[in-house]
Amino acid sequence: MRHASDARLRLSHVHWVLADQVLVSGCNFVLAIIYARALGPTTFGIYALLTVAQQYFVSVGVSLVANPLVTRAPHVEDRQERVRLIAGSLSAQLVVSAALALLVVGGLSLYLASGTAGISGVTVLGLAASSFALPLLEWCRKLCFLDRDGVALLSVDALTYLPILIAAFLLAQSGSLTLDLGVLLWGATSILVAIAAAMRLRLPCDIAAARSFMMQNWRLARDFIVPFQAQWLGSQGMVYLAVPVVGPAGIGAYRSIAGLLGFTNAIGATLDNMMPIRFAEVYRTRGSTALRGYTARFSVAVLGLPALLLLPLVFFAEPIVRLLLGDAYSGYSEILWAQALYVFVLYASRVANYHERARLQTKRIAVSALVGTAVSTLLVIVMAREFGAIGLVWSTVLGALCALLYLVFGMVDEIRRG
């Protein structure tokens with residue numbers, strides 16, 4: 001009876017998670033189209049460069065705080081110790097978020113002082129606010145996954161995304177959507193929701209708890225910060241290297257067209273939040289052999305979607321891009337099917353990462369990410385000069401493939417050695 005009850009609870013949670021990801025992926029998909037059409041390739045390219053930085057700060061927060069929390073918590077059985085762990089991680093997250101916001105203000109203030117055109121003080125304010133709030137929101141989302149609280153998860157994301165979507169649509173319809181307002185929408189909405197979500201937990205927060213959490217989990221944080229920052233550089237941060245070659249318009253085309261497959265990122269985010277916990281439970285209760293069998297079965301199931309995307313996009317990429325983004329982007333349509341290939345490799349890498357995280361083999365994940373980043377970063381300028389904006393995608397594909405092969409060969413070698 002208990003196992004049946006647990007299964008029903010897990011299934012109910014999955015339904016809430018799927019509803020949440022439909023909301024998030026749908027909003028992101030529509031927002032990318034609204035922003036791209038309203039701003040045009042060049043201005044949208046500048047917006048994309050700012051959001052890449054924004055996503056970097058989110059990955060820092062996730063690496064330092066949220067991922068150590070969800071990796072450690074499934075192994076903590078004492079209730080009081082678990083509460084202390086969560087409270088300490090919230091304190092640490094607030095400190096990290098505040099530091100990221102100050103870093104944005106300092107860095108972009110220097111950029112403004114140099115007299116370089118492209119952004120304003122409003123943009124700085126909006127990016128600083130979102131750099132504080134989005135990592136904190138991601139921490140709240142991880143806690144919802146950890147507690148299997150799908151209702152709270154859906155509420156947080158609905159309050160974040162729907163106001164931004166409605167405001168962006170109305171501004172675009174009136175012809176008033178600008179770069180400044182686009183960035184400010186994210187900052188204003190996310191900071192209100194993040195503060196409300198953190199206060200709702202009513203957990204004690206102080207510097208001592210934050211320091212204690214970081215000291216106790218420094219090894220996990222170290223092993224997460226390396227692969228996540230390496231993955232960011234190899235898949236997103238490299239656009240900064242390519243800007244001198246393809247220009248803001250090329251970056252705008254690359255980011256907007258790749259964003260059309262954003263729903264796959266949302267599905268991947270769902271897997272990233274749920275499956276490491278599930279893989280850890282399998283390993284803890286049933287051992288290495290069961291974990292390998294579970295990984296094999298999960299691989300077959302999860303790689304079907306990106307495989308099905310590849311063939312249709314080869315033939316229909318241009319009409320899809322023209323329909324959704326407009327004629328200004330149709331010359332870059334090949335990016336769409338190349339991005340689908342990247343998604344396939346990335347999904348395969350996810351499965352290997354879950355297996356290694358369950359066994360706390362985070363060092364191998366870190367090294368694989370460094371290998372992938374080195375390949376994609378070294379190739380991006382050459383590929384961009386040779387193939388234009390689509391060269392950015394090919395460099396990420398090759399980097400992700402090398403990272404995956406490193407993980408797979410390491411796992412196979414370990415199995416052979418017993």
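Thr 71 belongs to helix 1 of this predicted model. With a relative accessibility of 8%, Thr 71 counts as buried, because the limit for burial is 20%. Leaving out residues up to four places away in sequence, Thr 71 touches Leu 220, Phe 224, Arg 357 and Leu 360. The points below place this residue within the overall fold, then turn to the nonpolar cores and to individual residues.

**Overall fold**

- The protein has 14 helices and zero strands.
- Read from the N terminus, the order of elements is α-α-α-α-α-α-α-α-α-α-α-α-α-α.
- The radius of gyration is 21 Å, close to the 22 Å that the globule rule gives for 418 residues, so the protein is as compact as a globular protein of that length.
- Along the principal axes, the C-alpha atoms fill a box of roughly 55 × 45 × 40 Å.
- Among contacts between residues at least 6 apart in sequence, 83% join residues that are at least 24 apart.

**Surface and charge**

- Buried residues make up 52% of the 418 residues of the protein.
- The accessible surface amounts to about 18,800 Å², and 67% of it belongs to carbon and sulfur atoms.
- The protein carries 31 positive and 21 negative charges, and the mean positions of these two sets are 6 Å apart.

**Nonpolar cores**

- In soluble globular proteins, nonpolar side chains tend to be buried together.
- The largest nonpolar core of this model holds 110 residues, and those touching the most other members are Tyr 35, Trp 139 and Leu 392.
- Helix 1, which spans residues 2-72, gives the most to this core, with 22 residues.
- Another core, of five residues, lies apart from the largest one; Val 17, Phe 145, Ala 152 and Leu 153 are among its members.
- Beyond its neighbours within four places in sequence, Trp 139 is in contact with Val 65, Ala 66, Leu 69, Ile 86, Ser 89, Leu 90, Gln 93 and Leu 201.

**Buried residues in helices 3 and 8**

- Arg 141 is located in helix 3, which covers residues 121-147.
- The relative accessible area of Arg 141 is 9%, so this residue is buried, the limit being 20%.
- Not counting residues up to four places away in sequence, Arg 141 touches Asp 20, Gln 21, Leu 153, Asp 157 and Asn 273.
- One of these partners, Leu 153, is also a member of the core of five residues.
- Ala 242 is found in helix 8, made up of residues 239-258, and is buried with a relative accessible area of 0%.
- Apart from neighbours within four places in sequence, Ala 242 is in contact with Gly 247, Ile 251, Val 380 and Leu 392.
- Ala 242 and Val 380 stand 138 residues apart along the chain, yet their C-alpha atoms are separated by 6.8 Å.
- Leu 392, another contact of Ala 242, is one of the three residues that touch the most other members of the largest core.

**Partly exposed residues in helices 2 and 13**

- Val 105 lies in helix 2, which runs over residues 79-113.
- With a relative accessible area of 36%, Val 105 is partly exposed, because this value falls between the limits of 20% and 50%.
- Once residues up to four places away in sequence are set aside, Val 105 touches Val 124 and Ala 128.
- Val 105 and Phe 169 are 64 residues apart in sequence, and their C-alpha atoms are 28 Å apart in space.
- Ile 381 has its place in helix 13, formed by residues 362-387.
- Ile 381 counts as partly exposed, at 29% relative accessibility.
- Ile 381 touches Leu 241 and Val 245, residues up to four places away in sequence not being counted.
- Between Ile 381 and Met 274 there are 36 Å in space from C-alpha to C-alpha, and the two are 107 residues apart in sequence.

**An exposed loop residue**

- Arg 202 is placed in the loop between helix 5 (179-201) and helix 6 (207-216).
- At 77% relative accessibility, Arg 202 counts as exposed, because the value is over 50%.
- Although Arg 202 is not a glycine, this residue has a positive phi of about 55 degrees.

Notes. Residues are numbered from 1 along each chain as its sequence is written. This is a predicted model: local features need pLDDT of at least 70, side-chain atom pairs count only at pLDDT 80 or more; totals for chains, interfaces and linings use all residues. Side-chain values use heavy atoms; hydrogens and water are left out. A nonpolar core is a set of buried Ala, Val, Leu, Ile, Met, Phe, Trp, Tyr and Cys residues joined through side-chain atoms within 4.5 Å. Buried means under 20% relative accessible area, exposed over 50%, partly exposed in between (1.4 Å probe, protein chains only). Helices (H or I, at least four residues) and strands (E, at least two) are DSSP runs, numbered from the N terminus. Contact means heavy atoms within 4.5 Å. The radius of gyration is taken over C-alpha atoms; the globule rule is 2.2 Å times the number of residues to the power 0.38. Accessible areas come from the Shrake-Rupley method with a 1.4 Å probe; for residues, only the protein chains shown count as cover. Lys and Arg count as positive and Asp and Glu as negative; His and the chain ends are not counted. The place of a charge is taken as NZ of Lys, CZ of Arg, CG of Asp or CD of Glu.
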